[in-house]
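Happy to walk through this one with you. Let's take some labels in turn and ask what backs each of them.

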Amino acid sequence: MTLASTAAASLVTFAEGAEHGGNHASLNPYITGGGALLALLLLLWITTRFNRDR
């Protein structure tokens, strides 16, 4: 098999599994987004604490 045919077969297999929406039952988008926002805000706060020379 060539790389292109292997990739095509993998994409077809992946697409067949996505027929049911693809979302896990325990993943709440608001909790996930809120957690990501908090993590980014924490990283921003840490970055600004270490960058005091400006």
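Q: What makes the pair formed by N28 and Y30 at the start of helix 2 a polar contact?
A: In this predicted model, a side-chain oxygen of N28 comes within 3.2 Å of the backbone nitrogen of Y30. The cut-off for a pair of N or O atoms is 3.5 Å, so the pair counts as a polar contact.

Q: How do you know that the span of helix 2 agrees with its number of residues?
A: Helix 2 has 22 residues, and at 1.5 Å a residue they should span 32 Å. The end C-alpha atoms are 32 Å apart, so the two values agree.

Q: Why is I46 called partly exposed?
A: I46, which lies in helix 2 (residues 29-50), has 33% relative accessibility. Buried means under 20% and exposed means over 50%, so I46 falls in between and counts as partly exposed.

Q: What makes I46 eligible for a nonpolar surface patch?
A: Patch residues need over 30% relative accessible area, and I46 is at 33%. I46 joins L40, L42, L43, W45 and F50 in a patch of about 700 Å².

Q: What share of the protein chain counts as buried?
A: Buried means under 20% relative accessible area, and 0% of the 54 residues count as buried.

Key
Residues are numbered from 1 along each chain as its sequence is written. This is a predicted model: local features need pLDDT of at least 70, side-chain atom pairs count only at pLDDT 80 or more; totals for chains, interfaces and linings use all residues. Side-chain values use heavy atoms; hydrogens and water are left out. Patches are made of residues with over 30% relative accessible area and no salt bridge: like charges are joined within 9 Å, nonpolar side chains (Val, Leu, Ile, Met, Phe, Trp, Tyr) within 5 Å. Accessible areas come from the Shrake-Rupley method with a 1.4 Å probe; for residues, only the protein chains shown count as cover. A salt bridge is a side-chain nitrogen of Lys or Arg within 4 Å of a carboxyl oxygen of Asp or Glu. Helices (H or I, at least four residues) and strands (E, at least two) are DSSP runs, numbered from the N terminus. Buried means under 20% relative accessible area, exposed over 50%, partly exposed in between (1.4 Å probe, protein chains only). The expected span of a helix is 1.5 Å times one less than its number of residues. A polar contact is a pair of N or O atoms within 3.5 Å; within protein, one must be able to donate a hydrogen and the other to accept it, and residues adjacent in sequence count only if both atoms are side-chain atoms.
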